[in-house]
Amino acid sequence: LVRYRDDIDPVVLLLLAAVSGGLYAFGMACNDLADRDRDRLLHPERVIPSGRLSTRGACFAAAFAVTLSAGALVGLALRAPSGPGAIGIGRLLIWAIIVFLILLYDFVIKSAPVSGAGVMGLIRGCNFLLGLVYAPSTAVIREGMPLYAGFLVMYVFCLTMVSVLEDGPPRRGLFKVVAGGLWIAPVGVGVVGWLIFPTLQAPAVATLVVLLAWLGARIGAVLKEYSRATMTRLVRDGIMAIILMDASIVFWSGRAWEGLVVASLLIPAHLFMVGFRRE
């Protein structure tokens with residue numbers, strides 16, 4: 001079995017980061033625009049209700065972010081014109097689906113908990129597939145590889161459902177179901193990694209153990225004290241834990257140093273979360 005041993009083009013990585021980051025910023029801007037009337041009543045301190053950013057300015061920010069992402073996508077087409085397709089779906093189509101799903105979530109079905117959570121999961125899965133499009137051309141990608149995307153969809157769906165449960169009366173039964181899915185999804189990623197690359201990868205296993213222990217501790221804290229504070233910590237850490245899931249995927253492919261680089265993104269993510277809480 002050929003592992004991912006091709007040289008990694010740093011320009012392609014930077015462009016992929018710009019594509020993904022632009023889409024993320026676009027989603028955040030659209031989210032603030034969609035919630036501006038609600039935030040005026042419930043969260044007047046947020047950026048649009050407080051007057052720190054006008055509605056027009058938020059629209060400009062959203063347009064700039066999606067344009068930046070599209071420009072980076074064009075750059076990828078020029079830099080890596082011969083990259084393989086991702087399960088038969090074209091690059092531009094995946095990107096367009098992500099944009100559509102962001103708009104659908106923010107402006108149409110966010111208020112529907114289950115449907116909204118499903119769309120959020122699909123956004124994450126499509127984002128993963130967009131990166132898979134630009135995998136090294138000689139890498140062997142078996143039929144099981146897209147299952148990674150499936151478990152990422154499952155994880156984000158469950159995490160979004162947990163965030164929905166932060167508001168309203170306690171629903172312990174539903175929480176146990178979605179928390180179970182949240183914990184099982186990383187196990188699925190590990191199983192898929194072993195099936196694709198049937199050699200025990202110690203860094204991947206170690207990352208999985210840390211991830212499961214981290215999530216298990218946060219889930220246990222909620223079960224012990226079902227409160228908004230413990231739920232918020234679970235959602236916050238669950239978001240950062242996606243980094244470890246991505247790192248485990250890289251580790252399974254046999255790229256130890258690259259996996260460490262991905263895992264190290266926990267540091268800026270933690271700093272960002274700390275700054276966000278202070279804000």
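A salt bridge is a side-chain nitrogen of Lys or Arg within 4 Å of a carboxyl oxygen of Asp or Glu. I start with that cut-off, since D237 and R218 are the pair I looked up before any other. The model is a predicted one.

**Entry: D237 and R218**

I find D237 in a salt bridge with R218, with 2.6 Å between the closest N and O atoms. D237 sits in helix 9 and R218 in helix 8 (residues 202–224), so the bridge ties together parts 19 residues apart in sequence. I checked how much of each residue is accessible. D237 has 4% relative accessibility and counts as buried, because the limit for buried is under 20%. R218, at 23%, counts as partly exposed. I then looked for shared partners: R218, R236 and D237 are joined into one network by salt bridges.

**Entry: the chain as a whole**

I went back to the overall picture. The protein chain has 11 helices and zero strands, and I read its pattern along the sequence as α-α-α-α-α-α-α-α-α-α-α. Of its 279 residues, 43% are buried. I looked up the exposed surface as well: it is about 14,400 Å², with 70% supplied by carbon and sulfur atoms. For contacts with a separation of 6 or more, I note that 75% are between residues 24 or more positions apart.

**Entry: helix 6 against helix 9**

Helix 9 came up with D237, and I followed it to a packing partner. Helix 6 (residues 146–164) and helix 9 (residues 228–252) pack with their axes 9 Å apart, at an angle of about 170°. Helix 6 is therefore roughly antiparallel to helix 9, because angles over 145 degrees count as such. From helix 6, I list Y148, L152, Y155, V156, L159, V162 and S163 in the contact. On the helix 9 side I note M231, L234, V235, G238, I239, A241, I242, M245, D246, I249 and W252. Sorted by class, the contact has 15 nonpolar residues, two polar and one charged.

**Entry: D246 and R124**

D246 is one of the helix 9 residues in that contact, and I looked up what else its side chain does. D246 forms a salt bridge with R124, at 2.6 Å from N to O. The two are 122 residues apart, D246 in helix 9 and R124 in helix 5 (residues 113–133), and the pair links distant parts of the chain. Which of the two is buried, D246 or R124? R124 is buried, with a relative accessible area of 15%, whereas D246 is partly exposed at 23%.

**Entry: D37 and R40**

How many salt bridges does the structure hold? I have six on record. Another of them is the one between D37 and R40, where the closest N and O atoms are 2.6 Å apart. Both residues lie in helix 2 (residues 36–42), three residues apart, which is about one turn of the helix. D37 is exposed, with a relative accessible area of 52%, and R40 is partly exposed at 43%. I add a general remark: side chains of opposite charge can pair when their charged atoms come close.

**Entry: T207**

I ended on helix 8, where T207 is found. T207 counts as buried at 10% relative accessibility. What does T207 touch, not counting residues up to four places away in sequence? I find L244, S248 and F251.

Methods. Residues numbered from 1 in each chain as written. Predicted model: local features only at pLDDT ≥ 70, side-chain atom pairs only at ≥ 80, totals over all residues. Heavy atoms only, no water. Helix = DSSP H or I, 4+ residues; strand = E, 2+ residues; numbered from the N terminus. Buried < 20%, exposed > 50% of the residue type's maximum accessible area, 1.4 Å probe, protein only. Contact = heavy atoms within 4.5 Å. Areas by Shrake-Rupley, 256 points an atom, 1.4 Å probe, with all protein chains shown as cover. Axes fitted to C-alpha atoms, helices over the stretch in contact; angles between N-to-C directions. Parallel < 35°, antiparallel > 145°, perpendicular 65-115°, else oblique. Nonpolar A, V, L, I, M, F, W, Y, C, P; charged D, E, K, R; others polar.
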